[in-house]
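These entries record what I looked up in one protein chain. I began with strand pairing and then turned to the helices, the core and the chain totals.

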Amino acid sequence: MISLRAKLQYLLRVALASILLLTLAPQRLVNAKGLEERSLSRSLEYALNKKEIDHLKNLLSLTGDENLIKRYKNFIKTFPNARWNVSVGETLKDGRICLKLQITGKKILKNEQYVLRSNQKLGVNFAEGKVINQELISEETIIQIGSNPLSISLNIPEVVLTGS
C-alpha cells in the first residue's frame, strides 16, 4: 500500500509539472507567432529582391487585387536594381503585425543618376503564411538627382512675437 507521504509527493510533482507547462505554453505560442512573422518577412524580402513574381503572388492573398503585382512590375522596370529590406516591427494596438520596409535603388536617365530611398511601415494581417490585407501606416520616400544629399538650412528664430 502507498503511504500518504508518497501520494503527496506524487501530487506535488504533478502539480509542479502542470504549473510549469501552463506557464510555458503561452510563451511557446508567442514564440511560434514571432517565428511565423519573421519567416513571412524573410520570404517577402526574398521574393521582392529576386523579382520572383510567382513567389510573391503565393505570399499575397490577392482577392481581386492584381493591381499590386502590376505596380510592383512597373516599379522594378523603373528601378531594376532596387533592394528591399523587410523586418518585423512592434505589434500594432489592433493586433496586426508591423512590417518595416526599406527600399533603395538607382537609375540613370538622360545622363542623370536618380537615387531612391524609401521607408515604409505596413500594418499586416496574415494567415497560413499569406498576407491577407495590408495598410500603409507611414511612408517617407526621397528621390534625388545625384548621390549628394540636398543642402538644406533652416533659420528658426529664437523669439516669436504673437499678436492679438
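**Entry 1: a strand pair.** I examined β1 and β2 in this predicted model. β2 covers residues 97–109 and pairs with β1 in the antiparallel sense, over 6 bridges. I then looked for the residue of β2 that serves as bridge partner of S87, and found K100.

**Entry 2: the sheet.** I asked in which order the strands of the sheet are arranged. The sheet is open, has 4 strands with antiparallel pairing, and follows the order β1-β2-β3-β4. Its edge strands are β1 (83–88) and β4 (130–145), each of which pairs on one side only. For the turn between neighbouring strands of this sheet, I noted an average of 15 degrees, direction ignored.

**Entry 3: a helix on the sheet.** I next checked which strands helix α3 lies across. Helix α3, residues 67–78, lies across β1, β2, β3 (112–127) and β4. Relative to β2, the helix runs at about 40 degrees.

**Entry 4: V115.** I located V115 in strand β3. Is V115 buried or exposed? Its relative accessibility is 9%, and V115 therefore counts as buried, the cut-off being under 20%. I also looked up the separation of V115 from G146, which lies 31 residues away along the chain. Their C-alpha atoms are 6.6 Å apart.

**Entry 5: the nonpolar core.** I asked how many residues the largest nonpolar core has, and the count is 24. Within this core, the residues with the most contacts are L44, L56, Y72, W84 and L99. At least two core residues come from each of α1 (4–50), α2 (53–59), α3, β1, β2 and β3. In soluble globular proteins, nonpolar side chains tend to be buried together.

I followed L56 further. Setting aside neighbours within four places in sequence, I found L56 in contact with L44, A47, L48, I69 and Y72. Of these partners, L44 and Y72 also appear among the core residues with the most contacts.

**Entry 6: the whole chain.** I recorded 3 helices and 4 strands as the secondary structure. From the N terminus, the elements run α-α-α-β-β-β-β. The chain has 164 residues, of which 23% are buried. Among contacts in the chain with a separation of 6 or more, 42% join residues 24 or more positions apart. Finally, I noted an accessible surface of about 12,700 Å² for the chain, with 56% belonging to carbon and sulfur atoms.

Terms used:
Residues are numbered from 1 along each chain as its sequence is written. This is a predicted model: local features need pLDDT of at least 70, side-chain atom pairs count only at pLDDT 80 or more; totals for chains, interfaces and linings use all residues. Side-chain values use heavy atoms; hydrogens and water are left out. Two strands pair if DSSP finds at least two bridges between them. Axes are lines fitted to C-alpha atoms, for helices over the stretch in contact, and angles run from 0 to 180 degrees between N-to-C directions. Contact means heavy atoms within 4.5 Å. Buried means under 20% relative accessible area, exposed over 50%, partly exposed in between (1.4 Å probe, protein chains only). A nonpolar core is a set of buried Ala, Val, Leu, Ile, Met, Phe, Trp, Tyr and Cys residues joined through side-chain atoms within 4.5 Å. Accessible areas come from the Shrake-Rupley method with a 1.4 Å probe; for residues, only the protein chains shown count as cover.
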